[in-house]
Amino acid sequence: MAPVLTETYEDLRRGVRNVCARFPNEYWRDLDAARRYPEEFVGAMTEAGYLGALIPEEYGGMGLDLLAACAILEEVNSSGANAGPAHAQMYTMGTLLRHGSEEQKSAYLPKIATGELRLQAFAVTEPEAGTDTTSIRTTAIREGDHYVVNGRKIYISRVEQSDLMILLARTTPLAEVEKRSRGLSVFLVDLRDAEGLRVRPRRMMMNNATNELLFDGMRVPAQNLIGEEGEGFRYILDGMNAERILIAAECIGDGRWFVEKATKRAGEREVFGRAIGGNQGVQFPIARAYANVEAASLMVQKSAALFDRGGPCGAEANLAKLLAADASWEAANVAVQTFGGYGFDAGYDVERKFRETRLYQVAPISTNLILSYVAEHVLGLPRSF
Ligand SMILES: Cc1cc2nc3c(=O)[nH]c(=O)nc-3n(C[C@H](O)[C@H](O)[C@H](O)COP(=O)(O)OP(=O)(O)OC[C@H]3O[C@@H](n4cnc5c(N)ncnc54)[C@H](O)[C@@H]3O)c2cc1C
């Protein structure tokens, strides 16, 4: 499917497509059925250097910009694969890169770049707090040269497949801080040595290796605190624009995959003696989905370019995520409709991608929260919560 805009990073895209071609639909289908982590795919992407795309060259990464990282994730999803198991490494690493000490960066980033260490777990969500992150109840209390962590997290992905995890916990009780956003801190947890942590896998709609975490006196060395104690919420917010833009790029990849699949099917499938795509009732929804995916893609490109220039991009990052998630979901529905009964058949891959792309309306940030950002921060309407 020819993109509207002449795409950037054509060589990079070709390289990613070559890696993805080694992992055809059958691979993802079998993986989904077995609910297995894509070790082989993640290994190949790491070996090719793509998961270290945003790690500066001095730490062994590719030192690329966000626009390039978007190209990588978009190509992964448009190949029929799912970037979910890999994307967290790109944006989670940003917290360490932007706010970690030089010692932490030189200790971990080169190993993350080579794949010797995997940082794909990011623990924020809690059952009691939900979207209201400053209400989290997991605490980390300093005791000598350690912090002692107690509490519970829910829906934390890839904990069993990661060596390292970024953890957000409260270090000063809510009652003792001036602002709710203060008193939260970010830690780098070494999962290979995490006594006092219990991991309970949850069976989710999609194969995302997602878990409940129970912390019962887990000790984290004080040297694993990232940045300053009490400033963690700011650090997490700081990474959100990049995260939203990267997720939006994945949605564009999904959207293009669905449109291509639907178009091919509409051209080939014959009912009543002719191709179903000859009917306007079938072709118009596909054409509309194509238009919306390509329009959203422009906002993704714009937001990534603004981010790379270092200017403000909060509005564009949120719009990109909103538009791209809506476009991929629309394209997913159109693909299912075009396939008819075959759209529900695991053997045709549409139902798997349909489930996968549905997530972007909810996680890592729900559509409502994006809309409230736009209403409040872009349009200047009153804060609604
Ligand atoms: C497969 C999967 C993987 C995940 N992986 C991770 C992970 O690795 N790490 C992690 O930290 N989290 C992870 N999450 C959690 C995810 O980020 C949250 O589910 C998401 O942020 C929404 O929070 P919640 O589920 O508590 O919803 P709730 O906060 O309970 O919200 C429920 C609904 O109410 C809406 N809502 C809430 N408040 C308002 C309001 N003021 N105005 C309008 N609407 C509102 C929300 O938009 C949402 O649609 C994952 C979730 C899933 C499903």
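Which glycine follows α3, and is its phi positive or negative? The residue is glycine 49, and its phi is positive, near 90 degrees. The structure described here is a predicted model, in which local features need pLDDT of at least 70 and side-chain atom pairs count only at pLDDT 80 or more, while totals for chains, interfaces and linings use all residues. Residues are numbered from 1 along each chain as its sequence is written, and side-chain values use heavy atoms, with hydrogens and water left out.

A good place to start is helix α3 itself, which spans residues 39-47. Helices (H or I, at least four residues) and strands (E, at least two) are DSSP runs, numbered from the N terminus. Within α3, the residues Phe41, Val42, Ala44, Met45 and Thr46 are buried; buried means under 20% relative accessible area, exposed means over 50%, and partly exposed lies in between (1.4 Å probe, protein chains only). These buried residues pack against α1 (10-21), α2 (25-34), α4 (66-78), α5 (84-99), α6 (102-114) and β1 (119-123). Contact here means heavy atoms within 4.5 Å. Phe41 also belongs to a cluster in which ring pairs link it with Phe23, Tyr27 and Trp28.

The loop between α3 and α4 holds isoleucine 55. Isoleucine 55 is buried, with a relative accessible area of 0%. Not counting residues up to four places away in sequence, isoleucine 55 touches Gly61, Met62, Gly63, Met93, Leu109, Ile112 and Ala113. Its C-alpha atom is separated by 35 Å from that of alanine 289, and these two residues are 234 residues apart along the chain.

Next comes the pairing of α5 and α6. Their axes are 11 Å apart and the helices pack at an angle of about 165 degrees. Axes are lines fitted to C-alpha atoms, for helices over the stretch in contact, and angles run from 0 to 180 degrees between N-to-C directions. The two helices α5 and α6 are therefore roughly antiparallel to each other, given that angles under 35 degrees count as roughly parallel, over 145 as roughly antiparallel, 65 to 115 as roughly perpendicular and the rest as oblique. The crossing of α5 and α6 is left-handed, a term used if the near helix is turned anticlockwise from the far one by less than a right angle, with right-handed used if clockwise. On the α5 side, Gln89, Met93, Leu96 and Leu97 take part, and they meet Gln104, Lys105, Tyr108, Leu109 and Ile112 of α6.

Another helix pair is formed by α8 (residues 240-268) and α9 (residues 280-309), whose axes come within 9 Å and cross at roughly 155 degrees. The helices α8 and α9 are therefore roughly antiparallel to each other, and α8 passes α9 in a left-handed crossing. Among the residues making the contact are Ala248, Ile252 and Val259 of α8, together with Ile286, Tyr290 and Val293 of α9.

Ile286 also has a partner of interest in helix α10 (residues 314-339), where alanine 335 lies. Alanine 335 and isoleucine 286 are 49 residues apart in sequence and 7.8 Å apart in space, C-alpha to C-alpha. Alanine 335 is buried, with a relative accessible area of 0%. Leaving aside neighbours within four places in sequence, alanine 335 is in contact with Phe258, Ala262 and Val350.

Aromatic rings were examined too, and a search of the whole structure finds 9 aromatic pairs. One of them joins phenylalanine 339 and tyrosine 348 edge-to-face, at 6.3 Å centre to centre with 70 degrees between the planes. Rings of Phe, Tyr and Trp (its six-membered ring) pair if their centres lie within 6.5 Å; planes under 30 degrees apart count as stacked, over 60 as edge-to-face and the rest as tilted. Phenylalanine 339 is buried, with a relative accessible area of 6%, whereas tyrosine 348 is partly exposed, at 30%.

Charges over rings complete this part of the picture. Arginine 358 lies over the face of tryptophan 329, at 5.1 Å from the ring centre, and arginine 383 lies over the face of phenylalanine 385, at 4.6 Å from the ring centre. A charge sits over a ring if NZ of Lys or CZ of Arg is within 6 Å of the ring centre and within 35 degrees of the ring normal. Phe385 is also in contact with serine 372, a residue of helix α12 (residues 367-378).
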